[in-house]
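The exercises below are meant for someone meeting this structure for the first time, and each one is followed by a solution worked out step by step. Please keep the sequence and the model in view while reading.

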Amino acid sequence: MALLRVSSPHLTRPGNTGGVMMLVILATLPGLAMLTWFFGWGNLINVAWAGLVAIVCESLVLLLRKRPLAFYLTDYSALLTAVLLGISLPPLAPWWLTLVATAFAIIVAKHLYGGMGQNPFNPAMIGYALVLIAFPVEMTSWLAPQSLAMTESQTPGFMETLTTIFPFIGGESFDAVTMATPLDAFKHKGGLTAEEFWSTELAVSSQSWRAWQMASLGFLLGGVYLIYRKIFTWHIPVSMLAAMAAISVIFWATDPSSYASPELHLLGGATMLGAFFIATDPVTAATSLKGKLYYGAGIGILVYLIRNWGNYPDAVAFAVLLMNFVAPLIDHYTQPRTYGHKSTK
Amino acid sequence: MSRQLFDFHGGIHPPENKTQSTQTAIEPCFIPGKLVLPLQQHIGQQSKPLVLPGDRVLKGQMIAASDGYVSAALHAPTSGTVTAITAHALPHPSGLTETCMIIDPDGKDEWGERHAIADYRQADKEILLQQIRDAGITGLGGAGFPTAVKLNPSEDLRIDTLILNAAECEPYITADDMLMRERANEVVAGLQIIAHILQAEQCLIGIEDNKPEAIKALQDVLDAEQQEIPVRVVRIPTKYPSGGEKQLIQILTGKEVPNGGIPADIGIVCQNVGTAVAVYRAVDHGEPLISRITTLTGEALDRQGNIEVLLGTPIKELLSHFEVDPAQLHRLVMGGPMMGFTLTDTDLPVVKATNCILAATRKELPDPAPEQACIRCGMCAEACPASLLPQQLYWFSKSREFDKALSHNLLDCIECGACSYVCPSNIPLVQYYRFAKGEIRHEEHERTASDHARQRFEARQARLEQEEAEKEAKRKARAEAAATAKKAKQTTKDDSAEVDPKAAVIQAALERAQARKAQKAAQTDKPSTDETKSAAMSAVERAKAKKAQQADAKEGAEKPVLSAVERAKARQAAQNQAAQKENNSNAASDGLSALERAKAKRSLNNETASPDEKADKPLSALERAKAKRAQQVATDDSPEAPESVEAEPQATTSTGLSALERAKAKRAAAESDAASGTEAGDQAQPSTGLSALERAKAKRAQAAEQAANQDEPDDKDSAQQKAPGTSVLERAKAKRAAQQGEPSEAAEKPMTALERAKAKRAQQASEQAEAASEEAQQATDEEKGD
């Protein structure tokens with residue numbers, strides 16, 4: 001009778017990292033469904049294409065690093081990165097844009113830093129920031145929203161989307177009607193006051209605004225589910241959203257004709273996606289609970305600052321990356337007080 | 001029951017798995033075929049055996065006494081015979097082996113004497129504590145700390161609250177639960193005794209709300225009878241590890257045990273349910289701790305339940321008693337699944353701290369999943385009951401940054417396993433912490449050890465320095481005395497033979513006179529060997545040397561004579577050394593007069609002038625010839641070789657000594673060295689007579705040897721020369737010492753001046769040798785110290 005000799009504890013909660021990642025991927029579905037509903041197949045195709053690129057890149061690097069493929073691929077972390085990128089990139093982003101962003105995210109931002117768990121920066125956001133800076137034109141054109149339910153569709157169909165993204169497939173390319181996101185439009189409203197801006201149907205259709213609201217609510221739903229499943233704590237999303245709401249309320253209250261409403265900030269861009277799926281990436285975030293509050297609040301404030309006074313209409317990627325820098329420092333100063341100790345020293 | 005509760009940080013809710021072992025009543029004791037009783041079942045000193053192999057022991061008889069304050073006694077669990085006191089494997093995570101007492105039960109289960117305390121309320125606290133101590137009671141919750149020590153906190157600590165730890169938060173374990181259900185009255189009685197000893201104001205029984213039967217049983221007892229010290233059953237939420245002492249205190253009182261302190265520091269003492277019953281049995285019935293309630297559980301067992309088991313019962317017998325299926329048994333855990341440790345041997349005994357034996361199948365406790373990368377999810381930090389950052393501790397432990405781990409309070413980790421339990425990457429976090437703690441302990445131990453070594457070394461160094469300084473002072477005094485003596489000599493130039501303890505000049509004069517006498521004696525004694533009595537070496541001598549050289553050559557060894565160049569070098573060396581000696585030595589060094597040096601030179605010149613042509617190893621045939629002759633002389637001179645050997649070198653120091661004499665002396669010295677080269681004392685003796693010439697020659701000989709050893713390791717001659725060669729340095733030192741040294745008191749005995757001089761020099765030489773050996777010792781110490 002060969003008895004096992006192992007160290008305690010002998011019980012562990014069932015589950016593994018792959019399970020956590022898969023749950024997060026699943027939680028993006030409501031938001032992704034909304035995006036698909038309003039903007040067509042583009043994001044879905046992006047997600048699939050990015051996923052493929054991510055798995056290939058991950059496998060290649062793992063082979064180079066002489067690591068077992070199956071063991072590491074089944075943690076689904078590369079897939080999650082790809083999903084987040086596919087959601088973030090414009091629906092009709094050309095195939096090479098997704099390829100560059102995903103490959104850079106996996107190979108450089110993740111594996112060159114040591115792979116899973118070792119990367120100081122959020123890989124998806126690194127990839128996103130790279131293509132945003134390198135290919136601003138492709139990155140800032142977003143499809144005009146149109147419900148798939150509408151018959152006279154301005155939104156391309158599946159095949160049309162596919163051939164637009166992969167032009168070498170052949171077939172008819174769709175001449176998409178692109179338009180700015182609400183945040184982008186607001187930022188470039190020129191001399192108009194906020195009231196004037198909203199009254200002009202030209203800038204942002206109510207349809208577009210509604211589409212973004214719905215997508216944001218979708219991500220909010222997924223995020224709340226993840227908190228319920230204890231995949232992450234409420235600290236980062238809540239502090240980020242609260243900080244953003246607070247700062248936007250302050251400015252909006254003082255000058256409502258110049259500053260966007262809190263509603264636009266919270267639901268108009270990538271705020272919800274960022275708060276629940278990007279900022280909560282545990283590898284790159286602060287770890288202590290108190291630290292998470294600071295970390296989330298920092299992201300919220302940075303997003304607002306960059307949106308208002310930076311060059312880019314949205315700023316989640318930059319804000320998250322900037323706070324990634326600060327996370328170790330935050331951790332250092334937010335050690336919890338250990339049982340029996342007077343202070344955190 | 002409506003008491004305000006507090007929560008502790010973190011905690012987990014693993015599957016409880018308790019019901020399978022609470023279906024049947026506690027089974028009574030059975031007497032196993034053999035009892036193995038480790039002398040170390042507790043924290044503290046190992047117990048001292050009181051019986052010998054072959055002794056018959058009665059049930060409850062003390063078989064090992066506590067050794068020191070923090071220790072515990074041991075009793076025979078049943079009557080029988082002690083068969084051995086021997087090393088046996090212990091139930092311990094490390095599988096270590098310790099002294100155990102083996103008892104063969106006789107099956108009679110015959111009690112020895114029992115001394116109960118009739119009314120504990122009337123008894124002195126000391127008597128009660130002694131009773132508990134003599135009963136060998138230790139904490140039965142797991143740690144095994146001697147209870148009598150815990151119940152005797154320092155006088156200045158006021159204990160207001162006694163907490164009975166009835167949480168039993170670990171999955172699977174139900175020993176305390178069943179004990180409370182069945183013997184609630186004994187639990188409460190024991191609690192009262194403990195509270196009485198501590199003079200506590202209140203008792204709190206902290207019990208998880210998953211034990212309703214036990215809660216009811218306790219409450220019934222409390223309701224039935226008014227207790228002297230108020231007892232309150234406090235139902236706490238089920239959460240692991242609420243049964244941790246610190247956590248339970250926090251839940252019940254909201255207080256935290258200060259870092260590095262004990263609960264008594266905040267007026268609290270915690271006791272386990274089983275311990276309370278043991279105290280009751282000891283005080284009220286005079287029964288020592290010889291059995292305990294243990295949970296036998298796990299799917300590899302056909303029956304699961306609790307049993308009152310005799311301490312020392314082999315687990316093998318216990319498992320078969322519960323009908324184990326060996327084929328199914330995959331992991332055998334002593335203790336619970338969260339903090340217990342695996343056993344790989346079923347021959348181990350049940351000890352005082354054995355609250356559970358978990359015989360698990362592979363399905364029940366699957367093999368650990370492969371460790372994945374940490375994703376810093378922070379679930380561990382949320383689960384940690386000590387509010388640590390397990391993730392950071394993990395990184396620090398893994399990268400061996402132990403100082404950082406310490407600054408993150410690694411040592412506050414109670415190893416409850418909650419972090420490992422929740423980790424989605426299946427990282428065995430606790431194992432990393434155990435590793436780091438072990439390494440830190442090890443480093444600390446080494447640091448302490450090296451600190452001690454350094455302190456010892458420094459103390460020794462200081463002592464040696466002091467001794468050295470004292471010696472130096474003495475030396476200086478001596479040197480001054482010698483200088484005065486020299487001055488006196490210069491002024492008086494009187495060859496007084498009188499014994500004057502202070503004047504070195506007299507000593508020198510004596511020596512010179514003696515030397516002269518010796519010279520005369522030598523000249524008269526050895527006319528056959530020394531054909532020429534001139535100061536220079538005679539031609540005959542050289543001729544003989546040549547002959548000897550030829551003879552050597554015939555012997556097969558090619559030993560051409562030292563080349564002129566080498567000799568020149570030797571001379572230079574001799575001069576150098578002479579000069580150096582003058583520099584180094586104090587006034588006494590002037591004992592070697594310029595005349596002497598001149599003579600030495602002359603003798604060297606003679607050698608140089610000798611018609612030697614064939615180059616060879618630095619040792620010339622001439623030298624060997626001389627040495628040979630000297631040996632003959634020595635034997636001729638007196639039958640006592642050492643005596644003559646000594647006498648001749650002595651003579652060479654005298655100023656009037658001829659070069660020939662010195663050469664002879666040298667040869668004699670070489671001879672004696674060859675004869676007994678390894679002994680330091682012998683080396684010192686001939687060295688006294690060494691002139692600069694001698695040293696030069698010796699040097700040459702040494703060089704020759706080295707060359708010879710390289711060229712012809714088999715060469716006998718060179719081998720013979722080895723000993724004196726190696727001692728050259730020694731001799732030179734000895735000589736210098738001799739020169740530096742003040743002339744000692746001339747002896748009053750009929751000893752000749754020469755003898756006295758000899759004795760003195762030998763003494764100084766030996767002193768020097770001592771100093772040298774001390775130096776060597778010191779060097780060795782330093783090496784060791786490093």
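**Exercise 1.** In this predicted model, determine how α1(A) passes α5(A), left-handed or right-handed, and describe the contact between the two helices.

*Solution.* The crossing in which α1(A) passes α5(A) is left-handed. Next, take the geometry: helix α1 (residues 17-27) and helix α5 (residues 77-88) of chain A pack at an angle of about 20°, and their axes are 9 Å apart. Because angles under 35 degrees count as roughly parallel, α1(A) is roughly parallel to α5(A). Then list the residues that meet: α1(A) brings A:Met21, A:Val24 and A:Ile25, while α5(A) brings A:Ser77, A:Leu79, A:Leu80 and A:Val83. Sorted by class, this contact of α1(A) with α5(A) consists of 6 nonpolar residues and 1 polar residue, with no charged ones.

**Exercise 2.** Work out whether A:Gly51 is buried or exposed, and find what A:Gly51 touches.

*Solution.* Begin by placing the residue, since A:Gly51 is found in helix α3 (residues 42-64) of chain A. A residue counts as buried if 20 or more other C-beta atoms lie within 10 Å of its own. For A:Gly51 there are 21 other C-beta atoms within 10 Å, so A:Gly51 is buried. Leaving aside residues up to four places away in sequence, A:Gly51 touches A:Leu79, A:Ala82 and A:Val83. Of these, A:Leu79 and A:Val83 also appear in the part of α5(A) that meets α1(A). Finally, A:Gly51 and A:Leu99 are 48 residues apart in sequence, and their C-alpha atoms are 9.8 Å apart in space.

**Exercise 3.** Describe how chain A meets chain B, stating how many residues of each chain are in contact.

*Solution.* On one side are 33 residues of chain A, which are in contact with 52 residues of chain B. On the side of chain A that touches chain B, the largest share comes from α1(A), with 3 residues. The residues on this side of chain A divide by class into 13 nonpolar, 16 polar and 4 charged.

**Exercise 4.** For the open sheet of chain B that contains β1 and β7, give the strand order, and follow β1(B) along its pairing.

*Solution.* The sheet has 4 strands in the order β1-β7-β6-β3, and the pairing is antiparallel. At its edges stand β1 (35-38) and β3 (56-57) of chain B, and because each has a single partner strand, one side of each is left without a neighbour in the sheet. The partner of β1(B) is strand β7 (residues 97-105) of chain B, and 4 bridges join the two. Among the pairs across these strands, B:Leu35 has B:Ile103 as its bridge partner, and B:Val36 stands opposite B:Ile102. Turning to the side chains of β1(B), B:Leu35 and B:Leu37 point one way, whereas B:Val36 and B:Pro38 point the other way, and all are buried.

**Exercise 5.** Describe the open sheet of chain B with parallel pairing, and identify helices that lie across its strands.

*Solution.* Here 4 strands follow the order β10-β9-β8-β11. The edges are taken by β10 (231-236) and β11 (268-272) of chain B, each with a single partner strand, so one side of each is left without a neighbour in the sheet. On average, neighbouring strands of this sheet are turned by 25° against each other, direction ignored. Within the sheet, strand β8 (residues 161-165) and strand β9 (residues 202-208) of chain B run parallel and are joined by 5 bridges, with B:Thr161 having B:Gln202 as its bridge partner in β9(B). Across β8, β9, β10 and β11 of chain B lies α4(B), which runs at about 150° to β8(B). Helix α6 (residues 245-253) of chain B lies across these strands as well, running at about 120° to β8(B).

**Exercise 6.** Explain why α3(B) is largely enclosed by the rest of the structure.

*Solution.* Helix α3 (residues 175-182) of chain B has 8 residues, and 7 of them are buried, so the helix is largely enclosed. The buried residues are B:Ala175, B:Asp176, B:Asp177, B:Met178, B:Leu179, B:Met180 and B:Arg181. What covers them includes the helices α4 (184-198), α5 (212-224) and α7 (273-285) of chain B, together with the strands β12 (291-297), β13 (305-310) and β16 (356-360).

Technical notes. Residues numbered from 1 in each chain as written. Chains lettered and ligands numbered in written order. Predicted model: local features only at pLDDT ≥ 70, side-chain atom pairs only at ≥ 80, totals over all residues. Axes fitted to C-alpha atoms, helices over the stretch in contact; angles between N-to-C directions. Parallel < 35°, antiparallel > 145°, perpendicular 65-115°, else oblique. Left-handed = near helix turned anticlockwise from the far one by under 90°. Contact = placed C-beta atoms within 7 Å. Nonpolar A, V, L, I, M, F, W, Y, C, P; charged D, E, K, R; others polar. Buried ≥ 20, exposed ≤ 12 C-beta atoms within 10 Å, placed from the backbone. Pairing = 2+ DSSP bridges.
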